[in-house]
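I opened my notebook beside the viewer today and jotted things down as I looked them up. Here are the entries, in the order I made them.

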Amino acid sequence: MNYDIIIVGAGPAGLSFAQSLANTGLQIALIEKQSEQQLAAPEFDGRDIALTHLSVRILKELGIWERFEPDERPPIKEARVLDGTSPYCLNFDGKRDSIDALGFIVSNHVIRRALFDAVQTLDNVEILTDLSVTSVLANDSEASVVLSDGQTIQSRLVVAADSRFSETRRMMGIAASMHDFGRVCVVSRMQHEKPHDGIAFECFHYGRTLAVLPLTSHRSSIVVTAPMDQRASIMETDDTQFSSDIQERFDNRYGDMRLVSKRFAYPLVGVHAAKFCAKRFALIGDAAVGMHPVTAHGYNLGLSGQEILAKEIIDAAAQGRDIGATSLLQKYQNKHMRTTRPMFHGTNEIVKFFTDDRAPAKLARSIALRLANRIPPIKRVIRNKLTEISN
Ligand SMILES: Cc1cc2nc3c(=O)[nH]c(=O)nc-3n(C[C@H](O)[C@H](O)[C@H](O)COP(=O)(O)OP(=O)(O)OC[C@H]3O[C@@H](n4cnc5c(N)ncnc54)[C@H](O)[C@@H]3O)c2cc1C
């Protein structure tokens with residue numbers, strides 16, 4: 001079978017990319033190892049994704065944003081960063097800056113469902129489920145992929161969106177730097193007595209980090225980051241104990257807090273591919289760069305990256321050029337890496353800075369938060385990086 005493009009992985013990145021190529025006439029195969037049923041009704045996986053303004057713009061243009069119900073995309077109106085046991089906070093207030101929202105939170109399974117609903121109606125996209133890729137071969141004129149059921153399919157370009165541990169990336173011999181933080185992120189949802197007023201908290205407590213992200217008015221997403229050896233105790237402690245522990249660590253700001261979902265644990269490993277393309281092959285989403293969640297940029301980068309690649313392909317197709325040409329893929333790589341490299345390394349440095357519990361580091365953090373709060377240009381740069389607001 002022949003296609004123009006084979007996409008490996010129907011996660012948020014692969015689906016967004018397929019949707020970006022809607023109505024182009026390009027014939028696309030989207031290969032996914034999960035079943036069609038899992039794609040159509042993805043289960044809650046604990047991840048509530050903070051989306052930047054740039055991502056909202058892209059999702060609107062893809063016709064996905066309006067598929068979210070208003071209560072599925074609550075705004076972040078204000079963000080507060082705290083360090084250690086101090087009540088002092090670095091504060092980003094949307095209202096003070098005349099911005100309606102610093103960003104929006106949409107659950108990962110809601111994003112996946114909306115994207116799948118849209119992509120499955122596209123005439124030019126065929127979704128092949130319950131299949132994975134066993135080998136990829138590329139030459140000057142085409143790329144071929146062998147699937148787990150034994151069939152071989154051909155295309156002009158293969159795009160891998162098969163997660164940060166991408167097997168396809170490995171098959172193509174693309175190296176990646178991986179940073180194992182030795183930490184785990186446990187995510188869940190809690191109901192609380194007092195409203196959150198749209199405020200997101202990032203509390204860099206010593207030893208553990210606690211993020212509390214606003215969902216509906218008395219419900220928040222809870223993100224606990226701790227050393228890996230604490231995983232079992234955080235996951236296995238009973239619901240009541242877990243709830244009162246979070247309430248206490250959060251200084252009772254929201255009154256009584258109660259766990260209302262399962263807990264999900266994600267080991268934290270950051271990954272950046274050494275290059276984003278090879279012969280008739282490109283990486284997008286986490287397969288290109290898998291971020292530590294502290295700066296909430298993983299899927300945001302996935303969205304902006306796939307948009308860059310899709311635009312290059314659409315231009316090339318319109319001009320009758322080769323959509324798998326090395327020069328096109330390198331253009332994508334250069335543009336996207338200009339954003340991903342500083343964001344990846346900057347995020348890793350932030351994690352190092354905020355998880356160093358030695359006295360000099362504590363002092364440096366306290367000074368850094370105060371400086372950032374008091375020097376408006378610094379504060380604006382940080383805000384714009386985090387929210388992708390361009391003013
Ligand atoms: C706790 C947590 C919080 C996060 N918070 C944020 C946030 O606030 N903001 C943000 O922007 N990002 C956030 N992220 C990151 C975001 O979840 C990821 O960047 C995003 O899910 C990556 O999408 P993806 O499609 O690239 O990869 P994935 O979501 O990993 O999807 C990959 C897909 O490929 C399929 N697949 C894998 N291997 C194969 C194969 N061999 N063959 C066929 N199919 C295959 C998988 O089944 C899956 O469907 C967070 C991540 C975590 C863990």
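How do the residues of the shell around the ligand divide into nonpolar, polar and charged? I am working from a predicted model, and there I find 15 nonpolar, twelve polar and six charged residues in that shell.

**Entry: around the ligand.** I looked up who lines the ligand and got 33 residues, the closest being Gly 9, Gly 11, Ser 163, Gly 285 and Gly 298. The elements that contribute two or more residues are helix H1 (12–20), strand S3 (48–51), strand S13 (176–192) and helix H8 (298–318). I put a star by H8, which gives the most to the shell, with four residues.

**Entry: the two domains.** Next I pulled the domain assignment, which splits the chain into domain 1 (5–66 + 108–178 + 271–352) and domain 2 (74–105 + 180–267). I noted that their C-alpha centres lie 30 Å apart. In their contact I find 14 residues from domain 1 and 14 residues from domain 2. On the domain 1 side, S3 supplies the largest share, four residues. That side has eight nonpolar, three polar and three charged residues.

Then I asked myself where the ligand lies relative to these domains. Domain 1 and domain 2 both give residues to the shell, so the ligand lies between them.

**Entry: Ser 163.** I went back to this one, since it is among the closest residues to the ligand. Its phi is near 85 degrees, a positive value in a residue other than glycine. I located Ser 163 in the loop between strand S12 (157–160) and helix H5 (167–171). Is Ser 163 buried or exposed? I count it as partly exposed because it has 19 C-beta neighbours inside 10 Å, and buried would take 20 or more.

**Entry: Asp 130.** Here too I found a positive phi in a residue other than glycine, near 60 degrees. Asp 130 sits in the loop between strand S8 (125–128) and strand S9 (133–138). With 15 other C-beta atoms within 10 Å, Asp 130 is partly exposed.

**Entry: the whole chain.** I finished by zooming out. The protein chain has eleven helices and 21 strands, and its C-alpha trace spans about 60 × 40 × 40 Å along the principal axes. I checked the radius of gyration as well: the chain has 21 Å, which agrees with the value near 21 Å for a compact globule of 391 residues. Buried residues make up 42% of the chain. Of the contacts with a separation of 6 or more, 73% join residues 24 or more positions apart.

Notes:
Residues numbered from 1 in each chain as written. Predicted model: local features only at pLDDT ≥ 70, side-chain atom pairs only at ≥ 80, totals over all residues. Near = placed C-beta within 6 Å. Nonpolar A, V, L, I, M, F, W, Y, C, P; charged D, E, K, R; others polar. Domains from an automatic or database assignment. Contact = placed C-beta atoms within 7 Å. Rg over C-alpha atoms; globule rule 2.2 N^0.38 Å. Buried ≥ 20, exposed ≤ 12 C-beta atoms within 10 Å, placed from the backbone.
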